Amino acid sequence: AGAGARRGGKMASTAAGKQRIPKVAKVKNKAPAEVQITAEQLLREAKERELELLPPPPQQKITDVEELNDYKLRKRKTFEDNIRKNRTVISNWIKYAQWEESLKEIQRARSIYERALDVDYRNVTLWLKYAEMEMKNRQVNHARNIWDRAITTLPRVNQFWYKYTYMEEMLGNVAGSRQVFERWMEWQPEEQAWHSYINFELRYKEVDRARSIYERYILFSALVIVHPDVKNWIKYARFEEKHSYFAHARKVYERAVEFFGEEHMDEHLYVAFAKFEENQKEFERVRVIYKYALDRIPKQDAQNLFKNYTIFEKKFGDRRGIEDIIVSKRRFQYEEEVKANPHNYDAWFDYLRLVESDADAATVREVYERAIANVPPIQEKRHWKRYIYLWINYALYEELEAKASKRTRQVYQACIELLPHKKFTFAKMWLLYAQFEIRQKNLPLARRALGTSIGKCPKNKLFKGYIELELQLREFDRCRKLYEKFLEFAPENCTSWIKFAELETILGDIDRARAIYELAIGQPRLDMPEVLWKSYIDFEIEQEEYEKTRNLYRRLLQRTQHVKVWISFAQFELSAGREERLQRCRQIYEEANKAMRSCEEKEERVMLLESWRSFEEEFGSDTTKERIDKLMPEKIKKRRKLQAEDGSDAGWEEYYDYIFPEDTANQPNLKLLAMAKLWKKQQQESEAAAMDPDKDIDESQT
């Protein structure tokens, strides 16, 4: 027994050991399979197998009442269990009620619907299924009761109202349906509800009732602002037009225009109004409507309006009407441009040019007033240069087109008051104002305007304009006073000095003219002194005061050694017309040549020598010609190093230089350089002769 027990224990332990260490199957071939299966393939096959049709359950045949009752009990228990598990799932309640309805258990179905409504009375589908069950089973009063409860509980669900009114209408209860509509309208529903009510009345030919509904609808729109939309008014008007109440339709359109006013204008309303009048052959009314709308609706909102107006004019208008449309369209474009940027003066100019060509004076003045009201925000002259021409054009329009001299004067005066004269002014405005007053034969006002301008903001242009005016009037004393003021204001202006002296010369007062020139050349600062000196010299030459002219040249040469002054001096001596003129002229050239030796500008010295040579060729002898030829420089080419702005090397450049014989004689280095060049030339010639002995033999034989 003991041995058997031991053998049994050993076998048990061996079995337990075998259970703890299971054998692993050995894979003989570890190579990959030829056909690989992916995870995507597994999922796709699983999805495809879901679509396989399962065999239908076997049909049960109920043969007696007991089996039927047993079946009903099982199904009811199943439905009740589902409801008990989750009461909020309304689909379970609906399936339960529909099953009871299929068994003709209407009372039980009602009970289920009522229980469901206690759970969720806001579920729209539940109310609809409940009412549809009653209607299918011809329980009209029950259905009415359900609809009443539904619209009382959820009055904002339009589907209840639609189905309730439809049921009453299908039952032939027109009064009841109308009563439901009235209850609905008290809730101020959406637009479609009102139109449903109107269509309902029209189906029974109740036009007056439909009109009253439209009136209530429009009244709600106006007072309660339920639907203040243009299309509602248009529909009302078209309703009246459809039933041939044209006066009522026109009245509706007029009320709509008055209701929306100018703040909420819509092009669709005016297009519909115009088309209505067009159908009534009231073409003038159509034109007035389109023009009224185009004058008030912004361009970007009136594209359809323009299109319809153009089509209308092409059908019923003349050429003038079509041109008016184009002008109106361009006016709208300009209006939008100036509205977007009021300081776009180019747009204002185009706009004004358009209205001047087509509009009346009042409209043009209005646009001008709007334009000049846009004063540049910065008081800098560059910002005012375009703006000032608005005032100029305004004044010219009033004077030339409108023939209103009083308004023209007011425009000029307003512009002059607007300008900030302490910072800048516009001389053209003062001069235009003065010229306008002269055209009006009002000389004192013109002089007062120019005097005020000189006092407030003196400018060269103002002085010149005022002086020119007095010259035309032959008021020479006034001209003298103005020149004096002008020269006090701008003593460096050489042109003013010259004009003042010319005036005195014309008047025959030579001493005053000479005194003016003397004062002028004595000024410490001048803008064009060379012009002033030339004018003074020409003045003395005209008076044949040659000695004074020579003195002027000498005084000028003390200030400047310019080559043109020397050449002009020499030519003056040549044209003086005396016997010693050639000698004097040659003497001037010699003085100039000596003075120009120290001049760094060698081109000027060359210019002097060329002028001297041309003089000698015409009037000189062979000796003098040979002498001037010896003085002419040699032109050589040189190179110099260039440097960039940063100091780095920029390469070399070639330039021409002049070497004068007089300078070569005075500088031994230059003479040595010339001898070196001559020696180098002789060496090159000897080398060439050594390289070509045949040439030497030929030359010796020769």
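Glu-114 is partly exposed, with a relative accessible area of 26%. The side chain of Glu-114 meets that of Arg-149 in a salt bridge, at 2.9 Å from N to O. Glu-114 lies in helix α5 (residues 106–119) and Arg-149 in helix α7 (residues 140–153), so the pair ties together parts that are 35 residues apart in sequence. Arg-149 is partly exposed as well, with a relative accessible area of 29%. All of this comes from a predicted model.

**Salt bridges**

- Side chains of opposite charge can pair when their charged atoms come close.
- A search of the whole structure finds 32 salt bridges.
- One of them joins the side chains of Arg-285 and Glu-282, at 4.0 Å from N to O.
- Arg-285 is partly exposed, with a relative accessible area of 38%.
- Glu-282 is also partly exposed, and its relative accessible area is 34%.
- These two residues belong to a network of salt bridges that links Arg-250, Glu-277, Glu-282 and Arg-285.
- Another salt bridge pairs the side chains of Asp-511 and Arg-514, at 3.7 Å from N to O.
- Both Asp-511 and Arg-514 lie in helix α28 (residues 510–521). They sit three residues apart, about one turn of the helix.
- Asp-511 is exposed, with a relative accessible area of 59%, whereas Arg-514 counts as buried at 14%.
- Arg-514 counts as buried because its 14% relative accessibility falls under the 20% cut-off.

**A buried asparagine**

- Asn-308 has its place in helix α16 (residues 303–316).
- Asn-308 is buried, with a relative accessible area of 13%.
- Leave aside its neighbours within four places in sequence, and Asn-308 is in contact with Val-271, Lys-275 and Tyr-290.

**Helix α18**

- Helix α18 covers residues 345–358, which makes 14 residues.
- From its first C-alpha to its last, α18 reaches 20 Å. That is close to the 20 Å expected at 1.5 Å a residue.
- Several residues of α18 are buried, including the aromatic-named Tyr-345, Trp-348, Phe-349 and Tyr-351.
- Ala-347, Leu-352, Leu-354 and Val-355 of α18 are buried too.

**The second largest pocket**

- The second largest pocket has a volume of about 400 Å³.
- Its lining is made of 17 residues. Glu-530, Trp-533, Lys-534, Leu-556 and Val-565 lie nearest the centre of this pocket.
- Three elements give two or more residues to this lining: α29 (529–542), α30 (546–559) and α31 (563–575).
- Helix α29 gives the largest share, seven residues.
- By class, the lining of this pocket has eight nonpolar, four polar and five charged residues.

**The cavity**

- The structure holds one cavity of 30 Å³ or more.
- The largest cavity has about 30 Å³ of space.
- The residues that line the largest cavity are Arg-586, Trp-612, Glu-616, Thr-624, Arg-627, Ile-628 and Leu-631.
- Helices α33 (602–619) and α34 (622–631) each supply at least two residues of this lining.
- The largest share, four residues, comes from α34.
- By class, the lining of the largest cavity has three nonpolar, one polar and three charged residues.

Terms used:
Residues are numbered from 1 along each chain as its sequence is written. This is a predicted model: local features need pLDDT of at least 70, side-chain atom pairs count only at pLDDT 80 or more; totals for chains, interfaces and linings use all residues. Side-chain values use heavy atoms; hydrogens and water are left out. Buried means under 20% relative accessible area, exposed over 50%, partly exposed in between (1.4 Å probe, protein chains only). Contact means heavy atoms within 4.5 Å. On a 1 Å grid over the protein atoms alone, a cavity is a set of points where a 1.4 Å probe fits but cannot get out, and a pocket is an open set with protein on both sides within 12 Å along at least five of seven lines; lining residues have an atom within 4 Å of a point. Grid points are joined across faces, edges and corners, and a volume is the space filled by probe spheres set on the points. Ala, Val, Leu, Ile, Met, Phe, Trp, Tyr, Cys and Pro count as nonpolar, Asp, Glu, Lys and Arg as charged, and the others, Gly among them, as polar. The expected span of a helix is 1.5 Å times one less than its number of residues.
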